[in-house]
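Trainee: I would like a close look at one part of this structure. Please take the metal site, then set it in its surroundings.

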Amino acid sequence: MEIKQIFDKKDSPIIIAGPCSAETEEQVLETAHALVGQGVDLFRSGIWKPRTRPNSFEGVGVVGLPWLKRVKEETGLKVTTEVAGREHVFEALKAGIDVLWLGARTTVNPFTVQEVADALKGVDIPVMIKNPVNPDLELWIGAIERIYNAGITRIAVIHRGFSHHGKTIYRNVPFWQIPIDLKEKFPDIEIICDNSHICGRRDILQDVAQRAMNLNFDGLMTEVHPRPDEAWSDAKQQVTPARYKEMMSQLVIRKADTDNKEYKHHIDHLRHEIDEIDNDIMNLLSQRMRIAERIGEYKKRNNIAILQPNRWSEILETAVEKGKSKGLSEEFTSIMFKAIHEESINHQERVMNATDL
Ligand code: PEP
Ligand code: MN
């Protein structure tokens, strides 16, 4: 696959901003004018809105497309909107939209992605593909392939986080490893972080944007509204153009790498220390597994079950407490110990099932 950049601009991230939804011509133009001179490459605005629940505002539809045309004429900004079917694609192309995007609820459905892909055959336009609502890398890749097979080569992806059940500070949890894995598979694809839909709230937008920059993401998409509290959709996560300007001015853009000798020397030294520690960790884990095997043999001889729930809860609790006192998060310690425990059980199981004991 030969995926190209969505714009001929490099060395600085792709900056996308604009309201969640186009509500009125005035609101769209007011937002766009306020964003001029803020380094924005692309003005976003949803014309057709996929909403989780019915009876919510579902977008103004085609009447809003000329508003985006006016944005282009009056501000020179390029414009983008979400498409979720054949009609949307035709209308958006007719209206001269510069870039299209597929929403999370579209990427999740191969029928709809294929419909959009078919409508794009023979068209040369950049397309951005949001991650599917669920953390399924294959579905995301499938959508990229369908759009690419339709002849579209300027493709970027947008990480907007994943649906979840249970308590978290995010609206959609960012599993950063998933876009990182995607980048490994498609090294040329640009990855944009949609901090608004990850956060669902204003107070952590900056942290998530910075996190994306720290991970060397290629761009940011943020929802901006002149009066966020009055927005017809996603009111809680939108920010005013003034707040947006402040946030962007505080953002530290990281370089991918450098040729600076002193930096290289120092980082090599630190990496060497890390490698040694990793080596020790692996040796200790291997020793731990050998002991687990001895336990397995002994349990087998005495006909005792492998899993001892009380002992396991005790190990986990102690580890989490110890981890906390050493600056390791509860989440990390518990994931790590669950993995170690599972591996220990597998080793014990192998010993128990062996016939030569
Ligand atoms: C949006 O960008 O406004 C939107 C609906 O996003 P998502 O598809 O990520 O939910
Ligand atoms: Mn939105």
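How are the donor residues of the manganese ion (ligand 2) spaced in sequence?

Mentor: A caution to begin with: this is a predicted model. The donor residues of the manganese ion (ligand 2) follow the pattern C-x176-H-x25-E-x10-D in sequence. Cys20 lies in the loop between β1 (14-18) and α1 (25-35), and His197 lies in helix α8 (residues 195-199), so this pair ties together parts that are 177 residues apart in sequence.

Now the atoms. Cys20 coordinates the manganese ion (ligand 2) through SG and His197 through NE2. Glu223 contributes OE, and Asp234 contributes OD. The coordination distances run from 2.0 to 2.3 Å. Cys20 and His197 are both buried.

Next, helix α1, which follows the loop that holds Cys20. Thr31 sits in this helix. Its relative accessibility is 0%, so Thr31 counts as buried. Leave out residues up to four places away in sequence, and Thr31 touches Gly18, Pro19, Phe43, Val224 and Pro226. Set that list beside the donors. Gly18 and Pro19 are among the contacts of Thr31, and Cys20 is a donor to the manganese ion (ligand 2). Val224 is also touched by Thr31, while Glu223 is another of the donors.

Step away from the metal to a helix pair. Two packed helices are described by the angle between their axes and by the distance between those axes. For helix α6 (residues 137-149) and helix α7 (residues 177-185), the angle is about 45° and the axes are 10 Å apart. Oblique starts at 35 degrees and roughly perpendicular at 65, so α6 and α7 are oblique to each other. The crossing of α6 past α7 is right-handed. From α6, the residues in contact are Leu137, Trp140, Ile141 and Ile144. They meet Ile178, Pro179, Asp181, Leu182 and Lys185 of α7. By class, this contact has 7 nonpolar residues, 2 charged and no polar ones.

Last, the whole protein. The protein has 13 helices and 8 strands. Its C-alpha trace spans about 80 × 50 × 40 Å along the principal axes. Of the 357 residues, 45% are buried. Take the contacts between residues at least 6 apart in sequence: 72% of them join residues at least 24 apart. Cys20 and His197, at 177 residues apart, bring us back to the metal site.

Note on methods. Residues numbered from 1 in each chain as written. Chains lettered and ligands numbered in written order. Predicted model: local features only at pLDDT ≥ 70, side-chain atom pairs only at ≥ 80, totals over all residues. Heavy atoms only, no water. Axes fitted to C-alpha atoms, helices over the stretch in contact; angles between N-to-C directions. Helix = DSSP H or I, 4+ residues; strand = E, 2+ residues; numbered from the N terminus. Parallel < 35°, antiparallel > 145°, perpendicular 65-115°, else oblique. Left-handed = near helix turned anticlockwise from the far one by under 90°. Contact = heavy atoms within 4.5 Å. Nonpolar A, V, L, I, M, F, W, Y, C, P; charged D, E, K, R; others polar. Donors = N, O, S within 2.8 Å, 3.2 Å for Na, K, Ca; no water. Buried < 20%, exposed > 50% of the residue type's maximum accessible area, 1.4 Å probe, protein only.
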